[in-house]
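Subject: Structure handover, with notes on charged side chains

Hello,

Here is the structure for you to load. My notes on it are below.

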Amino acid sequence: MSCVCGTTPGISDGLSWNTEGKAMRRAARLLAIVSAVTFLTGCFGSVHAFGFRSFRRIQRLQRAKGKYDEAITEFEKLITECSESEFVEESQLMIGSAYEKQGNNQKAIAALQKALMDYPDSKYASKAETYIAEIYVKSNNIKLAIETY
């Protein structure tokens, strides 16, 4: 059976439109509106799907030589535009990593400290602390490295 409202093909497969048909059509319209809004805002139907695709694409940018500025911009965009994505916390960590790979240790540490402040209970918090300490070690600042560990 095809959808009466015509907005979401296949949503009513196997369902009969009886007295609850009006409510189901309303639900189908709402689903179509929500899908359109999320598509237009860039989250493409689900925050997870957008976050995953964006995160992996940005990681490839980061691995490409000389693309760190672009990767930082894209990670920041992901954090801002899809703040509910499960990749937001790791994206902040990756910003710190990109700055460190550019040789900008101060910005790297600032980005990693931001990750710790914004997401203190994150599974990436200990990684951020370790990364900060490693940057201090590479900079021969052993005192701060020990304090960070």
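The notes that follow deal with the salt bridges and with the surroundings of one glutamate.

Please keep in mind that this is a predicted model. The count of salt bridges comes to three.

One of them joins the side chains of Glu100 and Lys138, at 3.2 Å from N to O. Glu100 belongs to helix H4 and Lys138 to helix H6 (residues 125-138), so this pair ties together parts that lie 38 residues apart in sequence. The two ends sit in unlike surroundings: Glu100 counts as buried because its relative accessibility is 14%, under the 20% limit, whereas Lys138, at 57%, counts as exposed.

Glu100 has a further partner. Its side chain makes a polar contact of 3.2 Å with the side chain of Tyr131. Leaving aside residues up to four places away in sequence, Glu100 touches Asn105, Ala108, Tyr131, Ile135 and Lys138. Helix H4, where Glu100 is placed, covers residues 88-102.

A second salt bridge links the side chains of Lys114 and Asp118, with an N to O distance of 2.5 Å. These residues are four apart in helix H5 (residues 105-118), so about one helical turn separates them. Lys114 is partly exposed at 38% relative accessibility, and Asp118 is partly exposed at 37%.

The remaining pair is Lys67 and Glu70, whose side chains meet at 4.0 Å, N to O. Lys67 is partly exposed, with 34% relative accessibility, and Glu70 is partly exposed too, with 39%.

Regards

Definitions and conventions:
Residues are numbered from 1 along each chain as its sequence is written. This is a predicted model: local features need pLDDT of at least 70, side-chain atom pairs count only at pLDDT 80 or more; totals for chains, interfaces and linings use all residues. Side-chain values use heavy atoms; hydrogens and water are left out. Helices (H or I, at least four residues) and strands (E, at least two) are DSSP runs, numbered from the N terminus. A polar contact is a pair of N or O atoms within 3.5 Å; within protein, one must be able to donate a hydrogen and the other to accept it, and residues adjacent in sequence count only if both atoms are side-chain atoms. Contact means heavy atoms within 4.5 Å. Buried means under 20% relative accessible area, exposed over 50%, partly exposed in between (1.4 Å probe, protein chains only).
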